[in-house]
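User: I am new to this structure and would be grateful for a close look at a single part of it. Please describe that part in a connected way and set it within the whole.

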Amino acid sequence: MFYFDPVYFLFALPPLLLGLWAQFRVKSAFKKYSQVATQSGITGAQAAMKILQRGGLSNVNVEMTRGMLSDHYDPSHKVLRLSEDVYNLPSIASVGVAAHEAGHALQDKKDYFPLTIRSAMVPVVSIGSWLGPILFMVGFFMTGMLGTFGTSVAWAGIILFGATALFAVVTLPVELDASRRAKELLVSQGIVSQREMQGVNAVLDAAALTYVAAAAQAIMQLLYYVMVMNRRN
Ligand SMILES: [Zn+2]
């Protein structure tokens, strides 16, 4: 049973720990800089609207949504949804997150290539992320009964899950670019000062690390599947 394969933990544990550490850093940086007010007094919602307007995106609505750190840009409805704290508070953390989401709206407008690929992959990934591992396991355990057909099913699962790993990798440039745009625009549009950027960087860099950890997790899981198949041959 590879469930209890100690090698699995060798693959899974490091990215898992990185992910937990990154999550912890996001939450603590967000909490810390939610309590630091922007000198300009600008809230997250105001920062997002300002950036969108200057970017020629006054058609994009900024709305409030429930749930902590549930902030996202919805490209299909052209709506930027900000969590309550981010929307309402004039804090360093709020304007940082809001500007990042506005960065995604700007990517959408400019047909930023990694975002286009990422959006196109969503339907495959929404199935592959759960069906891939199931097919792999079914194929792997049934090979005794099914023979080479089982092996084919296992490889189909690996390929399907591979799309999930690729998705996590393509997400990286999308997220890093949104944060890069956010940092640039916050200063150039006078929303925060150069000195206040330290807090913005702390929040956005921690968030970027969670995406690195997610990509590492997916890649390591994929490599583990491939290794298990090769080991058996
Ligand atoms: Zn993002």
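**A pair of helices**

Analyst: The crossing of helix 6 and helix 7 is left-handed, meaning that the near helix is turned anticlockwise from the far one by less than a right angle. Helices here are DSSP runs of H or I with at least four residues, and strands are runs of E with at least two, numbered from the N terminus. This is a predicted model, in which local features need pLDDT of at least 70 and side-chain atom pairs count only at pLDDT 80 or more, while totals for chains, interfaces and linings use all residues. Residues are numbered from 1 along each chain as its sequence is written.

Helix 6 covers residues 148-188 and helix 7 residues 197-232; the two pack at an angle of about 170 degrees, with their axes 9 Å apart. Axes are lines fitted to C-alpha atoms over the stretch in contact, and angles run from 0 to 180 degrees between N-to-C directions. Helix 6 is therefore roughly antiparallel to helix 7, a term for angles over 145 degrees. Their contact comprises 25 nonpolar, 5 polar and 2 charged residues; Ala, Val, Leu, Ile, Met, Phe, Trp, Tyr, Cys and Pro count as nonpolar, Asp, Glu, Lys and Arg as charged, and the others, Gly among them, as polar.

The end C-alpha atoms of helix 6 are 60 Å apart, which agrees with the 60 Å that its 41 residues should span at 1.5 Å a residue, taken as 1.5 Å times one less than the number of residues. Just after helix 6, Gly190 has a positive phi of about 65 degrees.

As for the whole, the protein has 7 helices and 3 strands, and its C-alpha trace spans about 70 × 35 × 25 Å along the principal axes.

Conventions: Parallel < 35°, antiparallel > 145°, perpendicular 65-115°, else oblique.
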